[in-house]
Amino acid sequence: FTGRPVEDGESEGVEIKVLGPGCASCNRLEQDLIAVMAETGMAADLEHVTDITEIGSYGVMGTLALVINREVKAVGSVPPKPKLKKWLQEAFSQTAR
């Protein structure tokens, strides 16, 4: 998600989920992810999950959490943008293999 319309077609394969009830921190993480993706030109599926049952299915015991390609990367705080960028670059390099 880069904030621009995307044509249906081949997906990059990177899936990002922000897990949280919609609090200020969750929204900030989502906005930071959008900014990093726009800045780097990386496109991914970004979803903000607010359903507590679905959040629990990821095995996290608290919210705010970040999941990239079904791997929990952070719980309880908003990671700095350089860390988000690093994780996204790693996810894209793994899907490119």
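**Fold, cores and loop geometry of the predicted chain**

Among contacts (heavy atoms within 4.5 Å) in the chain between residues at least 6 apart in sequence, 68% link residues that lie at least 24 apart. The structure is a predicted model, in which local features need pLDDT of at least 70 and side-chain atom pairs count only at pLDDT 80 or more, while totals for chains, interfaces and linings use all residues. Residues are numbered from 1 along each chain as its sequence is written, and side-chain values use heavy atoms, with hydrogens and water left out.

The chain contains 3 helices and 4 strands, taken as DSSP runs numbered from the N terminus (helices: H or I, at least four residues; strands: E, at least two). From the N terminus on, their order is β-α-β-α-β-β-α. Of the 97 residues, 37% are buried; buried denotes under 20% relative accessible area, exposed over 50%, and partly exposed the range in between (1.4 Å probe, protein chains only). The accessible surface amounts to about 5,800 Å², as obtained by the Shrake-Rupley method with a 1.4 Å probe, only the protein chains shown counting as cover for residues. Carbon and sulfur atoms account for 48% of this surface.

Confidence was examined through pLDDT, the predictor's confidence in each residue, from 0 to 100. The chain averages 86, and 87% of the residues score at least 70. Over residues 1–12, pLDDT stays under 50, and the model has 14 contacts beyond four places in sequence for this segment. Where pLDDT is low, the predicted coordinates should not be read in detail.

The largest nonpolar core (buried Ala, Val, Leu, Ile, Met, Phe, Trp, Tyr and Cys residues joined through side-chain atoms within 4.5 Å) has 22 residues, of which Ile16, Leu29, Leu33, Leu66, Ile68 and Leu88 touch the most other members. Two or more residues each are given to this core by strand E1 (15–19), helix H1 (24–40), strand E3 (65–68) and helix H3 (81–95). H1 supplies the largest share, 6 residues. Leucine 88 touches Ile16, Leu33, Val36, Met37, Met42 and Ile68, residues up to four places away in sequence not being counted. A second, separate core of 7 residues includes Leu19, Ile55, Val60 and Ala65.

The loop between E3 and strand E4 (71–75) holds asparagine 69, and arginine 70 is found in that loop between E3 and E4. Asparagine 69, a residue other than glycine, has a positive phi near 50°; asparagine 69 counts as partly exposed because its relative accessibility is 28%. Arginine 70, likewise not a glycine, has a positive phi of about 65°. With a relative accessible area of 57%, arginine 70 is exposed.
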